[in-house]
Amino acid sequence: MSGFKSDFLRVMSERGFIHQVSDETGLDELFRKEIVSAYIGFDPTAPSLHAGGLIQIMMLHWLQQTGHRPVALMGGGTGMVGDPSFKDEARKLMTPDTIQSNIAGIKQVFSNYLNFGDGPRDALMVNNADWLLALNYLEFLRDVGQHFSVNRMLSFDSVKMRLEREQSLSFLEFNYMILQAYDFVELNKRYGVLLQMGGSDQWGNIINGVDLGHRMLGRQFYAMTTPLLTTASGAKMGKSLSGAVWLNADMLSPYDFWQYWRNTEDADVGRFLKLYTTLPLDEVARLAALGGAEINDAKKVLATEVTAMLHGRAAAEQAAETARKTFEEGALADTLPTVEVPRSTLEAGIGILSLFVTAGLAASNGEARRHVQGGAVRVNDQSVSDERRVVNADDVADGGVVKLSLGKKKHVLVRPV
């Protein structure tokens, strides 16, 4: 068990969130004596965050649950530059309209985890464009740039990796570290923020902000990071075989999101229950100790609890019930993901490879062909071994749909319209 005295750091430690803390004793004491405002930055590089960012959102959730104030910072300003941390190449620059649109999409998720408002513990969502876009470049160089050592910036792992590989690091990206550090200073001046949290790849950037706060304001700032999360087999969190595991329901259905967690590897169940649910630790320990086929029950609890936090309890229960019907009863559940195709297309006939791509079960004909060759493809629960198989109106079942299956766990209904 942790030696922390404050509720927040104790929860963080016991549930496996902590990788590094800049001053454990000082931060622990701070959390015991006052309401602490802490922030995490989110890059608006897509219209939705994916499951890889869920650990950060859960940190903000626990921060509020233990009596403190979470601040979600949207990178509307820094998003125009791009974070070079551990990237092999520069990010594509986004237009201000794209950034605004992405922020609007990302915002949808946070209200499921945080209570926003004007009270001392109510969450805030702020956009660094509010202060970065108005900066005067020469004043910024004079007031902020003087505090940064280029020698030290070159020593950060995120920069060193790019330079060692002789990959170009533009001045634009080099500025990113300074802007992120400056965000910390602005958030302290505007909202009294004293702690920045993030993934372990952000440690260098966060420490820059701690130093800048000390130099510019003479104040003690704090840093805390989470471990870089991978699955037991080494896969990156938030990625599945068919792409990113998006948090927005319009980009990934609650059912597919539930399935992602249901397919968790056995070795990860206990760790993920601690990080991604709010179940008590004794219940987590009980579920994690289940062996053999019973571990599947723990995976269903994990999937349902994570989905309930994001999409609501009703959507989570429906996803669990759809899965139960589909896998345990073999029934055609009408709540399975559905894609619509023109009736004329089915009447004329469409190749199984093309249909699998249309249904989102494969990214390309080549991938679909490999699935057929591997024996993973079924139409209306009948195995398909011929990659030239054509699906047509004769395949439409009683419910007016064609059921496509990839392996035992991925199903899509094709509905002619």
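This passage describes a helix, a surface patch and a loop residue in a predicted model. Local features were considered at pLDDT of at least 70 and side-chain atom pairs at pLDDT 80 or more, whereas totals for chains, interfaces and linings use all residues. Residues are numbered from 1 along each chain as its sequence is written, and side-chain values use heavy atoms, with hydrogens and water left out.

Helix H14 comprises 17 residues, 295–311; helices (H or I, at least four residues) and strands (E, at least two) are DSSP runs numbered from the N terminus. The end C-alpha atoms of H14 lie 24 Å apart, in agreement with the 24 Å expected at 1.5 Å a residue, where the expected span is 1.5 Å times one less than the number of residues. Of the 17 residues of H14, 13 are buried (under 20% relative accessible area; exposed is over 50%, partly exposed in between; 1.4 Å probe, protein chains only). Gly312, with a positive phi near 100°, follows H14.

A nonpolar surface patch is formed by Tyr137, Leu138, Leu141 and Phe171, with about 460 Å² of accessible area together. Such patches join nonpolar side chains (Val, Leu, Ile, Met, Phe, Trp, Tyr) within 5 Å, from residues with over 30% relative accessible area and no salt bridge, that is, no side-chain nitrogen of Lys or Arg within 4 Å of a carboxyl oxygen of Asp or Glu. Helix H6 (residues 137–143) supplies the largest share, three residues. Tyr137, located in H6, is partly exposed because its relative accessibility is 45%.

Asp201 occupies the loop between strand S5 (193–199) and helix H10 (203–217). With a relative accessible area of 25%, Asp201 is partly exposed. Its C-alpha atom is separated by 8.3 Å from that of Thr225, 24 residues apart along the chain.

Note on methods:
Patches are made of residues with over 30% relative accessible area and no salt bridge: like charges are joined within 9 Å, nonpolar side chains (Val, Leu, Ile, Met, Phe, Trp, Tyr) within 5 Å. Accessible areas come from the Shrake-Rupley method with a 1.4 Å probe; for residues, only the protein chains shown count as cover.
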